[in-house]
Amino acid sequence: MRHAYPSPFPLVLSIAAISSFTAGAFSPSPQTRRVTALLDAHGPIAAAPSFEEYMKQRTAGTTLQTEDESSDAPAVNVNVNVNDANNPSRRQVYRHNIGRLLLQRSIQTQLYYLADLRDEPTYKWLRGFLDQNHLDDRGSFNELDGLHADGGWRGYLSQLEEAPSETITVQLAPPRLSAQQKRNPYLAAQVSGRSYEETIDPAQISRTLRTVARSLEREWAEDLAELAANDRDRAAIHYDGEGVPYLQTAQDAAREYWLKRQVVAGGEGDDQGTPLHDLNRRLVARFCTRAALRRVVDEILNTDNTEMEMEMFERSASAGRWLLGFSNAWVPRLEKGADDAVRRSMGTPPPGQWQRLCAGADADDATEALWQELPQRFTDDSAEAMRLYSPEALVARVRKARVEICNEAAEELRELVNNEFCA
């Protein structure tokens, strides 16, 4: 198969930002009938698309999560007997499905390397494979769910390995002539760009992506450990009675913002970071924050309330509804990610004005916004409700859940590189 690329060097890149959002409706677990009845009495629940699949996980028996290989839909739940040795067709299941994000950032990192090496034919082929042109090489596209392929990330790798090799004819631009040379009709007629053929080997590209994924796993493991350690310290401030975390000053916010803007250029050697490392760190934090919000909402709405007094039961349900509404507002921002160019034009907002930010957000934006919320009515006249469901208590609970998510994601990454992204 032959294709012609008459485009000259240098690269001219075009980026189409695609925002992924899946519609759906939130429904509490059937195990919490009392909660459902109470919530229905307070009126319909606002739609929470990103929580639909997660809230269905609370089923009897062993519940694991696998990826829907027939479409690019989020992971779905299946009941699997993990001790069933006669079930060889069942693939390894991953609870958080972080493999999709890992492959997405592996592709973007490899695109960075190809652009840096001026390998335009392979760059264009990889970006156009399965229509992934929205993925860029400089970190402008930072959505969490940016890989769109039939069969999910496994389907992408499978189709990449099975794709046939292609021979591409590359036409180089002709050399530039001076004004005097252009006036020479004989010389101008003889000048033409050179061409050469290059073979694209999809199987080799697949092996390269797996190598990049293993490098990202090592970096992400350290980032997850650092995020978990910080959350553990922040949560301890609340649970140990030492007071809530201090309010971030404008100087602190500006310093952290510009530190996040620093991108380490990749190079040879194991001591060098990948080129999108700092952006990936922010992406992984957003991924874990989204999962932590889901988990805390699930825990509150599915608490065993059989021995709880009716008043506290109503306060717990109200807290769950309120946190669900907060999550509905912030999860789409976390999925989109912060637009640094827009933020620079807006300036650094003072503390307490996170709503001034662009449509996307970082993980710290969501946690600080939750911490700065005012106490709600369901905490009035009840010290126990204030202790359990105040904004300070909820953000400490989210941080505590994020510690667990970080540990689970790190373990999932290790299993991925050993089972799915091995050489």
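# Rings, helices and turns

Phe129 is buried, and Tyr156 is buried as well. These two residues are a good place to begin reading this structure, which is a predicted model. The protein is built from 15 helices and five strands, and 45% of its 423 residues count as buried.

The structure holds six aromatic pairs. Phe129 and Tyr156 make up one of them, an edge-to-face pair whose ring centres are 5.4 Å apart and whose planes stand at 85° to each other. In this pair, Phe129 belongs to the loop between α4 (120-128) and α5 (152-162), while Tyr156 belongs to helix α5, so that the pair links distant parts of the chain, 27 residues apart. A second pair, formed by Trp153 and Phe421, is stacked, because the ring centres are 5.7 Å apart and the planes are at 20°, and planes under 30 degrees apart count as stacked. This pair, too, links distant parts of the chain, since Trp153 sits in helix α5 and Phe421 in the segment after α15 (391-419), with their positions 268 residues apart in the sequence. Trp153 has a relative accessible area of 1% and is therefore buried, and Phe421, at 0% relative accessibility, is also counted as buried. Phe129 and Tyr156 appear once more in a cluster, in which ring pairs link them with Trp125.

Helix α5 carries both Trp153 and Tyr156, which makes this helix worth a closer look. Its buried residues are Gly152, Trp153, Arg154, Gly155, Tyr156, Leu157 and Leu160. What lies over these residues? The cover of the buried residues of α5 includes α3 (99-116), α4, α8 (202-239) and α15. For reading any such helix, it helps to know that an α-helix has 3.6 residues a turn, so residues three or four places apart point the same way.

Rings can also meet charged side chains. The charged end of Arg138 sits over the ring of Tyr112, at 4.3 Å from the centre of that ring. In another place, Arg333 lies over the face of Trp330, and here the distance to the ring centre is 4.5 Å.

The next step is to see how two helices lie against each other. The axes of α13 (residues 363-371) and α15 come within 7 Å and cross at roughly 150°. Helix α13 is therefore roughly antiparallel to α15, as angles over 145 degrees count as roughly antiparallel. On the side of α13, the residues that meet α15 are Ala363, Thr367, Glu368, Leu370 and Trp371, and their partners in α15 are Pro391, Glu392, Leu394, Val395, Val398, Arg399 and Arg402. Sorted by class, this contact has seven nonpolar, one polar and four charged residues.

Helix α15 also contains Glu404, which is partly exposed because its relative accessible area of 36% falls between the limits of 20% and 50%. Although Glu404 and Ala228 are 176 residues apart in sequence, their C-alpha atoms are 7.9 Å apart in space. A further example comes from helix α10 (residues 277-301), where Leu283 is found. Leu283 is buried, with a relative accessible area of 0%, and its C-alpha atom is separated by 7.0 Å from that of Leu144, which is 139 residues away along the chain. Leaving aside residues up to four places away in sequence, Leu283 touches Leu101, Arg105, Asn142, Glu143 and Leu144. How does the protein as a whole look in this respect? Among contacts between residues at least 6 apart in sequence, 75% join residues at least 24 apart.

Finally, two loop residues deserve attention for their backbone angles. Most residues other than glycine have a negative phi. Arg118, however, has a positive phi of about 60° although it is not a glycine, and this residue is placed in the loop between α3 and α4. With a relative accessible area of 46%, Arg118 is partly exposed. Leu130 is likewise a residue other than glycine with a positive phi, in this case near 55°, and Leu130 lies in the loop between α4 and α5. At 28% relative accessibility, Leu130 counts as partly exposed, whereas Phe129, placed in that loop as well, is buried.

Note on methods
Residues numbered from 1 in each chain as written. Predicted model: local features only at pLDDT ≥ 70, side-chain atom pairs only at ≥ 80, totals over all residues. Heavy atoms only, no water. Phe/Tyr/Trp six-rings, centres within 6.5 Å; stacked < 30°, edge-to-face > 60°. Helix = DSSP H or I, 4+ residues; strand = E, 2+ residues; numbered from the N terminus. Buried < 20%, exposed > 50% of the residue type's maximum accessible area, 1.4 Å probe, protein only. Lys NZ or Arg CZ within 6 Å of the ring centre and 35° of its normal. Axes fitted to C-alpha atoms, helices over the stretch in contact; angles between N-to-C directions. Parallel < 35°, antiparallel > 145°, perpendicular 65-115°, else oblique. Contact = heavy atoms within 4.5 Å. Nonpolar A, V, L, I, M, F, W, Y, C, P; charged D, E, K, R; others polar.
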